[in-house]
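Open the structure in the viewer and keep the sequence panel visible. The stops below go from one selection to the next.

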Amino acid sequence: FFFLITVTHTITHRHFNTYEKNQTFAMGGDWKHGVFSCFDDCALCIITYFCPCYTFGKNAEAVGDSCFLCCLSQFIPFIDILTRTLVRGKIREQKGIDGSCIGDLICHLFCAACALCQEAQELKGAGAMSMARE
């Protein structure tokens, strides 16, 4: 129980601090890949299908959160959806993409694997992360 509270507090605290710092960032962009463009990168799609916690951890790490804690949060019901929603919001803020917290939540509730792929492709396009080993 204590672990659950600590992870939630850490991720939520970081989310709001990041939001305040990036408040002046110009919004107005759109995702480079659609939610159902999973197969634009087949390797990423396969990795995300079999091990979504890995993709989520890498996405979180790319926006400044702990890869390990975010990966672990994916094994706790309800906290998994909360953390994915918060990280998606950070990605939107970082990239200047329009959207809302409710839209992020709905996306992860109904198509989590597709949303994770979309986020990873967005981050990968900027050279922020690589899903394949070199």
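Select K124 and D41 and show their side chains: in this predicted model, a polar contact of 2.5 Å links the two side chains. K124 belongs to helix α7. Is K124 buried, partly exposed or exposed? Its relative accessibility is 32%, so K124 counts as partly exposed, the class between the 20% and 50% limits. Now add A62 to the selection. A62 and K124 are separated by 62 residues in sequence, while their C-alpha atoms are 9.4 Å apart.

Next, select α3, residues 52–62. Colour its buried residues, which are C53, T55, F56, G57, N59 and A60. What do they pack against? Show α2 (42–50), α4 (67–73), α5 and α7: the buried residues of α3 pack against these helices. Just past the end of α3, stop at G64, where phi is positive, at about 100°.

Go back to F56 and display its surroundings. With neighbours within four places in sequence set aside, F56 is in contact with C70, S73, Q74, T83, R84, V87 and L116.

F56 also leads to the largest nonpolar core. Select W31, F56, A60, V63, C70, V87, I91, I97, L116 and L123 together; these 10 residues make up that core. Which helices each supply at least two of its residues? They are α3, α5 (79–95) and α7 (112–125). Then, in another colour, pick C38, L44, C111 and A120, which are among the seven residues of a second, separate core.

Move to α5 and select R92, which lies in that helix. R92 has a relative accessible area of 9% and is therefore buried, the cut-off being under 20%. Add D104 to the view: the side chains of R92 and D104 are joined by a polar contact of 3.0 Å.

The last stop concerns aromatic rings. How many aromatic pairs does a search of the whole structure find? The search finds one. Select Y49 and F50 to see it: the rings are edge-to-face, with 5.0 Å from centre to centre and 90° between the planes. Turn on the surface here, and note that Y49 and F50 are both exposed.

Terms used
Residues are numbered from 1 along each chain as its sequence is written. This is a predicted model: local features need pLDDT of at least 70, side-chain atom pairs count only at pLDDT 80 or more; totals for chains, interfaces and linings use all residues. Side-chain values use heavy atoms; hydrogens and water are left out. A nonpolar core is a set of buried Ala, Val, Leu, Ile, Met, Phe, Trp, Tyr and Cys residues joined through side-chain atoms within 4.5 Å. Buried means under 20% relative accessible area, exposed over 50%, partly exposed in between (1.4 Å probe, protein chains only). Helices (H or I, at least four residues) and strands (E, at least two) are DSSP runs, numbered from the N terminus. Contact means heavy atoms within 4.5 Å. A polar contact is a pair of N or O atoms within 3.5 Å; within protein, one must be able to donate a hydrogen and the other to accept it, and residues adjacent in sequence count only if both atoms are side-chain atoms. Rings of Phe, Tyr and Trp (its six-membered ring) pair if their centres lie within 6.5 Å; planes under 30 degrees apart count as stacked, over 60 as edge-to-face and the rest as tilted.
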